[in-house]
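Student: I've just opened this one and don't know where to begin. Can we go through it together?

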Amino acid sequence: MPRPRSLTPDQLASAALAVLDREGLAGLSMRAVAKELGMSTMGLYRYVDDREQLEGLVVERVLGAVDTTPPDSGAPWDERLRTMVGRLRDTVGAHPAVLPLTLAHRHRSPSSLRWAETVLGILTEAGLDGERRVLALRALLGYVIGAIQLEHLGPLSGAGTVTISELPSDEFPYLADTARQARSVGAEREFFGGLEVFLCGLGA
């Protein structure tokens, strides 16, 4: 009888990520990942205890690709924050289905913790501490997560914006006009323009 093959955590995470990218979060299951690996579901349990552990591997597989090195300390604090946020968006945006999992596993992912530590260092150098620093980090994460979801689930270039732009102007004057303007806003402009609004408020 041939000996059963041995799989690395990275191979398990890659298979789970392939399922996520193809089928979305609802399609992620022990059975689906086992099928992706060409093995039985029970065979997968030789490597992970449950789906939660598998999710953790996927999160670290994705976030591990984010560069958490502190940007040049000679640059302004807001420019350094743009750099850190841009790195996260580029990586997570390539696998949007994993986004909800990054929240659930943020306290267990070494890469997530390193990114947050770097960002907190920048916020501290910007003069934020105590409760204000807590709120700033949470608000920044809220913006990044929400903006990535909007970009992939409800982009300004999508049919929803067109529909809203055609609403009757006598009933929805501001909404219809704003949607008409939004149709010409690209994804990059939307994301970093919104980030600029946040940073301006943070520096006020």
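Student: What pLDDT does the chain average?
Tutor: This is a predicted model, so confidence is a good place to start. Of the residues, 97% score at least 70. The average pLDDT for the chain is 93.

Student: And which helix has the highest confidence?
Tutor: At the low end sits helix α6 (residues 99-104), with a mean of 92. At the other end, with 97, is helix α7 (residues 110-125).

Student: How far apart are the end C-alpha atoms of helix α1?
Tutor: Helix α1 covers residues 9-23, which makes 15 residues. At 1.5 Å a residue, the helix should span 21 Å. The model agrees, because the end C-alpha atoms are apart by 21 Å.

Student: What covers the buried residues of α1?
Tutor: Let's see who is buried there: Leu12, Ala13, Ala15, Ala16, Leu17, Val19 and Leu20. Their cover includes α2 (30-37), α3 (41-44), α4 (51-63) and α6.

Student: Is Glu23 buried, exposed or partly exposed?
Tutor: Glu23 lies in helix α1 too. Buried would need under 20% relative accessible area, and exposed over 50%. Glu23 has 42% relative accessibility, so it counts as partly exposed.

Student: Which residue takes a positive phi just after α1?
Tutor: Look right past the end of that helix, where phi is about 80°. The residue there is Gly24.

Student: How much accessible area does the nonpolar patch of Ile164, Phe172 and Leu175 have together?
Tutor: Ile164 is in helix α9 (residues 159-165), and at 32% relative accessibility it counts as partly exposed. Together with Phe172 and Leu175, Ile164 forms a surface patch of about 230 Å².

Key:
Residues numbered from 1 in each chain as written. Predicted model: local features only at pLDDT ≥ 70, side-chain atom pairs only at ≥ 80, totals over all residues. Heavy atoms only, no water. pLDDT = per-residue confidence, 0-100. Helix = DSSP H or I, 4+ residues; strand = E, 2+ residues; numbered from the N terminus. Expected span 1.5 Å × (residues − 1). Buried < 20%, exposed > 50% of the residue type's maximum accessible area, 1.4 Å probe, protein only. Contact = heavy atoms within 4.5 Å. Patch = residues over 30% accessible without salt bridge, like charges linked within 9 Å, V, L, I, M, F, W, Y side chains within 5 Å. Areas by Shrake-Rupley, 256 points an atom, 1.4 Å probe, with all protein chains shown as cover. Salt bridge = Lys/Arg side-chain N within 4 Å of Asp/Glu carboxyl O.
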